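Reader: I've got the model open and I'd like to know what stands behind the labels people put on it. Can you take me through them?

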Amino acid sequence: MDAISNPPIVTVGKFDWTITDIVDNRDSELPFVFGKLSKYAKNGHATVIDEGKRNQVNTDVPNLVEASSPFVYLPECSGIAYLHVWNGIQEEVFPRRFKSIIEKAYDNFFISCDIDPVSDYRKFTSRLKKLSHYTEFSATVFPPNPLFGRLWSSLNTYISERNASEITVKEQTSKTDGLKSNIVELMDRILEDSEFEPEKIPDIGDAAILMAADGYGRGKVVGLEGGEEVVVKTSDTQKSFLFPKEPAPYDLAKVSNTHFSRVTKERDMKH
């Protein structure tokens, strides 16, 4: 959080990036840090009106803001909610630029910052259900902090016991009946009942996809739909909600916390 409150400036191409409009509320009843990921041009140019000549003219504007994305970081769940800005700071751009700023704050010395999306189980399973069979399960996952999902707790324990900072799981098959998996049933059942207990510990491939879908890595499932190969990524179905483009910091923190709490409850995630 200190890196968010005291951010460096990162240059990417012809634009500079930093965090602005910071509200550090980490010591409140609902701890959060609010800010705006801002993209700007040091030597910007804008078009203005010359009223006397009734003409449009170009003028130099230093540090011209090109786009900004409001966000809120909630330390109690290590979660972040941010605005997707069309043609400015898209959902795939925000994590990369945020990562660059946080890591530069520590001179890239023994520091790593990654933002992985929390998938919407319903959207994810609806896409998986269209596949006639699966040909690949693959995921790279990281140790969770502070929450972990009960359905993939065995994989979490394995990572801890191995003292690993990340693991990669990949399963492939060329057999006509595809990979065996209970991933859809597991996701559907825990949405129906957060206290659902599977008859056996989920297999490692399913557990890795579940872990990635809960925001602790990235995963994908490859399968066939109508004879065509289809790739379904956990990042393609990330959870989202509607909110004003210029949010009040506390209001955004409160609503974001509600959404994170709902995910925690419906997936029975624990400390």
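**Labels and their reasons**

Author: Let's begin with helices α3 and α5, whose crossing is left-handed. This is a predicted model, where local features need pLDDT of at least 70 and side-chain atom pairs pLDDT 80 or more, while totals for chains, interfaces and linings use all residues. Numbering runs from 1 along each chain as its sequence is written, and side-chain values use heavy atoms, without hydrogens or water.

Reader: What makes the crossing of α3 and α5 left-handed?

Author: The near helix is turned anticlockwise from the far one by less than a right angle; clockwise would be right-handed. α3 covers residues 121-128 and α5 covers residues 183-192. Such elements are DSSP runs numbered from the N terminus: H or I of at least four residues for helices, E of at least two for strands.

Reader: And which way do α3 and α5 run relative to each other?

Author: Their angle is about 150°, with the axes 10 Å apart. Angles run from 0 to 180 degrees between N-to-C directions, and the axes are lines fitted to C-alpha atoms over the stretch in contact. Under 35 degrees is roughly parallel, over 145 roughly antiparallel, 65 to 115 roughly perpendicular and the rest oblique. So α3 and α5 come out as roughly antiparallel.

Reader: Which residues of α3 and α5 meet?

Author: From α3 you get Tyr121, Arg122, Phe124, Thr125 and Leu128, and from α5 Ile183, Val184, Met187, Asp188, Ile190 and Leu191, where contact means heavy atoms within 4.5 Å. Sorted by class, that contact holds eight nonpolar, one polar and two charged residues. Nonpolar here is Ala, Val, Leu, Ile, Met, Phe, Trp, Tyr, Cys and Pro, charged is Asp, Glu, Lys and Arg, and the others, Gly among them, are polar.

Reader: What about α5 and α6, and why are they given another label?

Author: The angle between α5 and α6 is about 45°, again with axes 10 Å apart. That value falls in none of the named ranges, so α5 and α6 are oblique. Their crossing is right-handed. Ile183, Leu186 and Met187 of α5 pack on Asp206, Ile209, Leu210 and Ala213 of α6. This contact has six nonpolar, no polar and one charged residues.

Reader: How do you know whether α6 is enclosed?

Author: Buried means under 20% relative accessible area, exposed over 50%, and partly exposed lies in between, using a 1.4 Å probe and protein chains only. Nine of the 10 residues of α6 are buried, so the helix is largely enclosed by the rest of the structure. Its cover includes α3, β6, α4, β8, α5 and β9. After α6 comes Gly215, with a positive phi near 95°.

Reader: What does the largest nonpolar core look like?

Author: It has 35 residues, and Leu128, Tyr134, Val141, Leu155, Ile183, Leu210 and Val221 touch the most other members. The largest share, seven residues, comes from α6. To be called a core, buried Ala, Val, Leu, Ile, Met, Phe, Trp, Tyr and Cys must be joined through side-chain atoms within 4.5 Å. Leaving out residues up to four places away in sequence, Val221 touches Phe124, Leu128 and Tyr134, among others. There is also a second, separate core of 22 residues, including Leu37, Val85, Phe94 and Ile101.

Reader: Is Ser69 buried or exposed?

Author: The relative accessible area of Ser69 is 0%, so this residue counts as buried. Ser69 sits in strand β4, residues 55-74. Beyond four places in sequence, its contacts include Leu37, Val85 and Phe94. From Ser69 to Ala212, the C-alpha separation is 25 Å.

Reader: And what makes Phe110 and Asn163 worth a look?

Author: Phe110 is not a glycine, yet its phi is positive, about 50°. With a relative accessible area of 75%, Phe110 passes the cut-off and is therefore exposed; it lies in the loop between α2 and α3. Asn163, also not a glycine, has a positive phi near 60°. Asn163 is in the loop between α4 and β8, and at 71% it is therefore exposed too.

Reader: How many helices and strands does the chain have?

Author: Seven helices and 11 strands. Of its 271 residues, 43% count as buried.
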